[in-house]
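Reader: I have a structure to look at, and I want to know how its ligand is held. Where do we start?

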Amino acid sequence: MRAAFPRGTNAAEEDLGDEFNSLHLDTRILTSRAKPLENVDPVIVPIYHSTTYRYKSVEQFNQPNHASGSNYLYQRSGNPTTENVEIIINEIEKGNGALLYNSGLAASSAVFLEYLEAGSHMISMCPLFSGTVNFMTEVLMKFGVEITFVDFEKEGDNFTKAVEDAVKPNTKMIFIEVMTNPAMNVPDISALIELANKRYILFFIDATFVSPYNIQPLTLGADIVMHSCSKYIGGHHDVVGGCVTVKKEDNWRRLKLQQSVTGSAMAPFEAALIARGLKTLALRTDRISDNAMAIARYLEKHPKVHKVYYAGLESNPFHKNAKKYLKKYSGMMGFDVGTTEKAIKLAKSVRVITLAVSLGGTESLIEHHLSMSSKARSAPSNYVVNIPEGLLRFSVGIENVDDLIKDLEQALDQI
Ligand SMILES: *Cc1c(COP(=O)(O)O)cnc(C)c1O
């Protein structure tokens, strides 16, 4: 009878022939291995955690790309599990190359360090994610980069003009986030890109808050887009990572070279979690955005809620921009219940929703912004970000929306 399941063979035994059996046990343990896969194509890209690769000869090593068309030499410069995710993200963003980093901040700082230097000037929107502000004020400025922060909440409709007024002969980059936090206001992204293009300034955007499903800034003309994969891309609150996608392949080459010398690449285990998360990016962000829309409408009518901050509401002062640039409005919202005491009480009273920082995952998370997130600075010290004391920031998840509304209802009843 033919065996239905062929027994695996030892590649070392095939390579070494009879000599293999004369090796000591300890050496046989080390050399033994399965044969590399041939004509086998796993449905899901496996986790390759080898740091290094076997070559048949020095000639093979010295051939361009080691005759394999790949960057696989050492894990810091290329890994199949990581590249799989880069290919998927590049596809979503319609880019000309993506790179994965070991955190969102590693991703954004790589771009700042690559395109700015002592004596160059950057214009940045504020308020921003606090970690990004801290990188700018504590690292970039230390190395002699000049930064002008333009306050979106203050400038509003005048923001593009204010950015234009801030341009100098040495301005090398304009940086914005897709929406401000926690007011969730979306600037006129195309007008800013047009300004950057006209003045030959690199346009860099952090689109973490809305996910790459709801916006692809490269298609609007942005040069570089980044995401914290710890949020919507990973989507399950179980992995930290970041990605950068570029419009021009030259920029991918520059950042790839930089990454191989700074060592900021994502590890393959994390990449595998992200590959899994990406499978449901569309499903999750659709569900989350729909849940959030329904919740924002519910909260807006609630007598104990003073104000709802959500890009999808017609009452949002920059809803026209959100509508123009976003497919749906993501799950990020804020709502003001009036006082710190009430907000803290509500955060403690929710039962289905979780009291925690971070955002963009399957579970709904709520935080009292002033006592949790904004202790970290979201603007340089000479800017005052006006955050209402009763503001709760809410990252809506994929739970059944009726249960979320019921949970908010019972928590609001208690304040
Ligand atoms: C979380 C976040 C980052 C930083 O990402 P990490 O993965 O935490 O390093 C950057 N920008 C925004 C808007 C974020 O929400």
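Author: Start with a polar contact, a pair of N or O atoms within 3.5 Å. An oxygen atom of the ligand lies 2.8 Å from a polar backbone atom of G104. The model is predicted: local features need pLDDT of at least 70, side-chain atom pairs count only at pLDDT 80 or more, and totals for chains, interfaces and linings use all residues. Residues are numbered from 1 along each chain as its sequence is written, and side-chain values use heavy atoms, with hydrogens and water left out.

Reader: How far is an oxygen atom of the ligand from an N or O atom in the side chain of K231?

Author: Look at two side chains here. For S230, an N or O atom is 2.6 Å from a ligand oxygen atom. For K231, the distance is 2.8 Å.

Reader: What percentage of the ligand's exposed area does the protein bury?

Author: Accessible areas come from the Shrake-Rupley method with a 1.4 Å probe. Taken alone, the ligand exposes 380 Å². The protein buries 91% of that.

Reader: Which helices each supply at least two residues of the shell around the ligand?

Author: The shell holds residues with a heavy atom within 4 Å of the ligand. Among them are S103, F129, D206 and L359. Helices are DSSP runs (H or I, at least four residues), numbered from the N terminus. Those that each supply at least two shell residues are α5 (104-115) and α11 (229-233).

Notes. Polar contact = N/O pair within 3.5 Å; in protein donor to acceptor, adjacent residues only side chain to side chain.
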